[in-house]
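Here are my comments on the model you sent round. They are set out as numbered points, to be read alongside the structure.

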Amino acid sequence: MTETIEKPLFSEEEMKTVNMHLDKYPTKMSAIMPILWMLQDKYGWLSEDNMKYAGDLLNLPYEHVLGVATFYTMYFKKPMGKYHLQICTNVSCMLCGGDKLFQYVSEKLGIKNNHVTPDGIFSIEEVECLGSCGTAPMMQINNKEFYENLTLENVDKLLNDLRMKAGANG
Amino acid sequence: MVKIILKDIPDLAKVDVYTKNGGYEMLKKCVTEMKPDDVIAEVKKSNLRGRGGACFPTGMKWSFMPKGNEKPKYLVCNGDESEPGSFKDREIFEKNPHQFIEGALIACYAMGCKAAYVYIRGEYWKWINIMEEAVADTYKKGFAGKKLFGSDFSVDIYVHKGAGAYICGEESSMLNSLEGKRAYPRVKPPFPAAVGVWGMPTTVNNIETLANVPEIIRHGGEWFSKIGEPKHPGTLLYGVSGHVNKPGVYEIETGIPLKSLIDDYCGGVKNGKQIKMVIPGGSSMPPLTREEALTVKMDAESLKAIESAIGTAGVIVMDEDTDLIKVLKRITKFYYHESCGQCTPCREGCGWMLRVLDRLDKGEGRIEDLDLLINVAENIEGNTICALGDAAAWPVKWTIRKFRAEFEAKCKNDKYQLPVLNKVHSIRHTPAYDNIRIYNENNVVEDLIGKVQENLNREDETFS
Ligand SMILES: Cc1cc2nc3c(=O)[nH]c(=O)nc-3n(C[C@H](O)[C@H](O)[C@H](O)COP(=O)(O)O)c2cc1C
Ligand code: SF4
Ligand code: FES
């Protein structure tokens, strides 16, 4: 299967946001994190082309951009599932069953840490404390919404809902 | 009961509600009626100490900034909040963002900073959105921007979104992150007040620290200094998690007995069980035994007296059935994962400790392993660029010292185990390497190569 990856390109509107970020900092280099975020939000992950494009925008060598992107766990260096499930297994969550929750979801979906289901709908990641220790166990989806005070039952329901949603959208 | 930050006012997060309740008046008062040095003097008088973990006196930190305006100066607000067990700054973003913003702007005025950068961890998507809106409202109302209240003072405030790295909470690494580099901590000195972000004088303060400032100006430093424990005054946002009935963030004066926090505020330990261990201030802090937890008071000096620390006041409660080896292994796995890799003791030491703890957890450890762990921990402590090394060493050293019997009970002495290796160059340095040769003369080489290969193949799944 040959999949053509879309070449990154910001629209005029998006370039305004880029310039807004550039205005925030005294050096161009500082805008790298927001620009990588914009690219990831648009294309889902950071391909080599994405990173080169970010480098071109900021006059930075690709190696520098790669160095930054690989330092931070939230930048995806490979495509993830449509719903990327990030489950905390750190101490407070572990005391409330976060590690078991991770294992449960991993077994239910049949995938290991940082892997994607064959249909591309789900991927899972074991993450460190996300600041929901008081509402543990918890899960974040796609680097955004937090789901807290989880139980195996409501996770089942959540996964079903997401699967339906993915089906409905084709 | 004094509440300085999490006040019981509905919708306080909205700028109109905040201004109706006296919001931004203190910024106006500072800019139009007070000299910058007077503001610093007031904060010094309050004896406010940093809420980011190190408890450094805030007024003193501010006074380290050079005077004059030859170079631009910056304030960086530390909202990285990634220490396991801490979830208090999130509460400020949600419930009272403008009081923090006002505090940050007052700090900028006091130190002559040109701009404040609010660094928030990338995972706090919801709270980053809240803060961006709050900052936009601040500009709209004319409390940030050019020539505030008709004076000569101009200031900007920006939100910067992190991307998932605990180490960015360390102040010098945060500066590198803001500069658009890999977030490696810097060697100090020079301290940020001399050479900070973009090479300019910079002060880094925690969100909660800054949120206290407007009320200090309103009621005076002396008022603040009399709340709670005199040596560590004010309130703390205690974030309690783990085995308690009502976990959550509670704003209470410093110096409250830990027992009262757990029993009176958090509804006691779940299922009526007994406490086994309590971590008082985020996972880096030396843990407390049941006896200590029942008697200690929650402030910097009281905890220091029993060789622990208040840290971020993130209290993690564990009941009598908790497996401490699993807990310690999980904590160590965190530091192993988050070590930036610059210093050998931290990078390698965390891996060693994790491998040995993994062995103990599987019931394959030896009694000597306990001393080995303490030895490795002590060789990390104090020998690294930043305090993440200490943060990794303390829990290991103190949990084993305080709960040795539980660890010993899980050791056995009869069988020798190959260490699990995670990096090729660790082989030569594994203390047990010599023993393996003796025990396993013939197939040691195959075994080691096999192990290394296996581990290279499964990288991040090694210790799950
Ligand atoms: C490994 C490491 C992680 C840290 N993480 C945080 C953090 O998430 N938030 C924070 O405010 N301070 C953190 N700190 C402390 C900061 O370096 C710094 O001391 C603090 O932000 C100063 O603010 P304060 O004086 O207001 O407490 C961390 C320190 C270390 C060594
Ligand atoms: S102590 Fe650890 S985290 Fe800190 S600079 Fe050294 S290697 Fe990096
Ligand atoms: S330990 Fe899981 S959110 Fe803090």
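**Notes on the interface and the two ligands**

1. Across the interface of chain B and chain A, the rule finds 3 salt bridges. This is a predicted model, so please read every distance below as computed from predicted coordinates. One salt bridge joins Arg330(B) to Glu128(A), with 3.0 Å between the closest N and O atoms.

2. Polar contacts also cross the interface of chain B and chain A: 23 residue pairs are found, with both residues at pLDDT 80 or more.

3. As for the extent of the interface, 57 residues of chain B are in contact with 47 residues of chain A. The area buried between the two chains is about 4000 Å². Carbon and sulfur atoms give 59% of that area.

4. Ligand 1 is surrounded by 18 residues. The closest are Gly52(B), Lys61(B), Asn78(B), Asn206(B) and Thr209(B).

5. Which side chains place a polar atom 2.7 Å from an oxygen atom of ligand 1? Asn206(B) does so through an N or O atom of its side chain, and Thr209(B) has a polar side-chain atom at 2.7 Å from a ligand 1 oxygen. For Asn205(B), a polar side-chain atom lies 3.0 Å from an oxygen atom of ligand 1.

6. Ligand 2 has 13 residues around it. Cys340(B), Cys343(B), Cys346(B), Thr384(B) and Cys386(B) are the closest.

7. By class, the shell of ligand 2 holds 8 nonpolar and 5 polar residues, and no charged ones. The space that ligand 2 takes up is the largest cavity.

Definitions and conventions: Residues are numbered from 1 along each chain as its sequence is written. Chains are lettered from A and ligands numbered from 1 in the order in which they are written. This is a predicted model: local features need pLDDT of at least 70, side-chain atom pairs count only at pLDDT 80 or more; totals for chains, interfaces and linings use all residues. Side-chain values use heavy atoms; hydrogens and water are left out. A residue is near a molecule or strand if one of its heavy atoms lies within 4 Å of it. On a 1 Å grid over the protein atoms alone, a cavity is a set of points where a 1.4 Å probe fits but cannot get out, and a pocket is an open set with protein on both sides within 12 Å along at least five of seven lines; lining residues have an atom within 4 Å of a point. A molecule sits in a cavity or pocket if more than half of its atoms lie within 2 Å of its grid points. Ala, Val, Leu, Ile, Met, Phe, Trp, Tyr, Cys and Pro count as nonpolar, Asp, Glu, Lys and Arg as charged, and the others, Gly among them, as polar. Contact means heavy atoms within 4.5 Å. Buried area is the accessible area (1.4 Å probe) that two parts lose on being put together, summed over both. A salt bridge is a side-chain nitrogen of Lys or Arg within 4 Å of a carboxyl oxygen of Asp or Glu. A polar contact is a pair of N or O atoms within 3.5 Å; within protein, one must be able to donate a hydrogen and the other to accept it, and residues adjacent in sequence count only if both atoms are side-chain atoms.
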